[in-house]
Amino acid sequence: MAEEHTETSDKATELLKFITCGSVDDGKSTLLGRLLYESQQLFDDQLATLQSDSQRVGTQGSDLDFALLVDGLEAEREQGITIDVAYRYFATSARRFIVADTPGHEQYTRNMVTGASSADLAVLLVDARKGLLTQTRRHSYLVSLLGISQVVLAVNKMDLVNYSEQVFERIVAEYLPFAKRLGINSVHAVPISALRGDNVTQPSEALGWFHGSTLLGILETVPTDQRGLQDAPVRMPVQWVNRPSQDFRGYAGTVVAGAVRPGDSIRVLPSARTATVARIVTADGDLDQASVGQAVTLTLAEEIDISRGDLLCAANDPAEVADQFEATVVWMADEPLLASRPYLAKIGTRTVGVQISAIKHRINVNTLEHLAAKQLELNDIASVNLSFDQPVAFDPYKVNRDTGGLILIDRQSQQTIGAGMLNFALRRAHNIHRQALDVDKALRAKLKNQHGCVLWFTGLSGAGKSTIANAVEKQLAALGHHTYLLDGDNVRHGLNRDLGFTDADRVENIRRIGEVAKLMVDAGLIVLTAFISPFRAERALARGLVEAGEFVEIHVDTPLKLAEERDPKGLYRKARRGELRNFTGIDSPYEAPEQPELRIDTTQCDVEEAAERVIAALRERGALAS
């Protein structure tokens, strides 16, 4: 009996994290409210509030409207839908639960991804009257992408189809092959009525033909460690270097795989240095072992350089390190994802620069068909190649979600704009290495008696960028300096002749120019670039390619009206007539520099005066050696 009691107690301490998902108005919030109510998780004041709210804004007449327990936003209650992700905790004698109620509307797919990112299981609701819908398939696909291998197919509103066994069996028969194609091999199908309580926590006489477990019975018995993380090699991302005094240095983080003990040998990635664990420190004292989910501080026997974002791994079974990957991306922003545009990526506790180097294909979630795409729109899912600006330690997402998952962040707004799952490192990430050269940038600059740099002229078409840049180069040549002018039109006759003027092509245009300019600076040249370069993100990318102090952004500031009056190539007139689309200043935006090194107001100075200001700025920066 003692052994049985221990086993039951251990089971009761287990935590299952699950989400509810499905299409709009499939009854997710009502189901969660019913679970909380029937598992007796409501306090008296919560029940009183529910009764009051049900009478005031409920949709069930004199009955309790259980959806109000989790639809917390005013907009949700007014519309009768879920918008935000609502997290709730409840427990039974068998197990503890954290459930995320995720929205069904397509425009809130990002919220659904947020809720699913840490879940062990998904309860996918289907309205028995409607069957499988587009959003049902979308959520199933997202569930599979996010590494959730267990799905409960809850066919809801059975009371509205007279508890028909045929309706239930038809929906299950349609769903199982689709789930199998997605790699979801553990599907538990259950007919329910969340509103009436049928088969939610107790068997229902109306569903007497169904002989499986109730929904709660399934949730209480499914395995909680499907990914086997307890037995995996240890992984712990470093969250913080803990140094309260000269006598203590520890590395704080949460163990995301395996177990670590004092005396274990660990490898620090990406540096690949090894060390031995000395202590496992917590606020309640030292531990003999730390396992998955525990937040601890490790001290090491050896002093080595470790920073936030590093990954502590089992020395004999470390993670991989690479900087180029194939990944699956879920795009969550209103603005499209553009290949080559610079973003930020956060993987574990490490934040790095990232570019989508290629969109391999977009995925139709209904048919799983692969579709060609040059950019991704809101809620699109795609297979991409991406490139980080530095090596990172990782495991494939299917092995470990914490070390293989990432979020994409906009560099300007710092908003989360996408989620990604690393599938594998590209072979070139391991096979291509930088060649050490004896003649370096410093020597090349010394031979030319100057310091290489980029003069990046930006402004509207017709502002005078090329004219001023040409005048500056003439003066530099007269002074004996080595230069090269990259002009927007000239470059499009060769290197960039394959690019048009869509936002995606403009991004790639500037990426290529930035890379060329970087090579020219490495050669010791003063390189001048004259491009509209309308987007701040791409100008920031070009700046980031060279060292601090080597990039001089020059805003050739000309009012649109004046630029149109000049219109030396007749482009504004064509754009106004609709003959030239995606023209900057007319139907495509220009994002003016916020803090350029130099601003030239062409209404206040002529070309020669502007060129003199640029030369003076170069002298002040020490780029022109005497």
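Visitor: Where is E608 found in this predicted model?
Guide: E608 sits in helix 18, which covers residues 607-620.

Visitor: Why is E608 called partly exposed?
Guide: Its relative accessible area is 49%. Buried means under 20% and exposed means over 50%. The value for E608 falls in between, so E608 is partly exposed.

Visitor: What makes the patch with E608 negative?
Guide: The patch is formed by D606, E608, E609 and E612. Asp and Glu count as negative, so the patch is negative.

Visitor: How do you know that E608 passes the accessibility cut-off for a patch?
Guide: A patch residue needs over 30% relative accessible area. E608 has 49%, so E608 passes that cut-off.

Visitor: Which loop holds Q450?
Guide: Q450 is in the loop between helix 11 (441-448) and strand 25 (453-458).

Visitor: Why is Q450 called buried?
Guide: Its relative accessible area is 2%. The cut-off for buried is under 20%, so Q450 is buried.

Visitor: What makes the pairing of Q450 and H481 a polar contact?
Guide: Their side chains are joined at 3.2 Å. The limit for N or O atoms is within 3.5 Å, so the distance fits. The Q450 side chain also reaches the backbone oxygen of G524, at 2.8 Å.

Visitor: How do you know that D127 is buried?
Guide: D127 lies in strand 4, residues 121-127. Its relative accessible area is 0%. Buried means under 20%, so D127 is buried.

Visitor: What separates the C-alpha atoms of D127 and G22?
Guide: The separation is 8.8 Å, with the two residues 105 residues apart along the chain.

Definitions and conventions
Residues numbered from 1 in each chain as written. Predicted model: local features only at pLDDT ≥ 70, side-chain atom pairs only at ≥ 80, totals over all residues. Heavy atoms only, no water. Patch = residues over 30% accessible without salt bridge, like charges linked within 9 Å, V, L, I, M, F, W, Y side chains within 5 Å. Areas by Shrake-Rupley, 256 points an atom, 1.4 Å probe, with all protein chains shown as cover. Salt bridge = Lys/Arg side-chain N within 4 Å of Asp/Glu carboxyl O. Charge placed at Lys NZ, Arg CZ, Asp CG, Glu CD. Helix = DSSP H or I, 4+ residues; strand = E, 2+ residues; numbered from the N terminus. Buried < 20%, exposed > 50% of the residue type's maximum accessible area, 1.4 Å probe, protein only. Polar contact = N/O pair within 3.5 Å; in protein donor to acceptor, adjacent residues only side chain to side chain.
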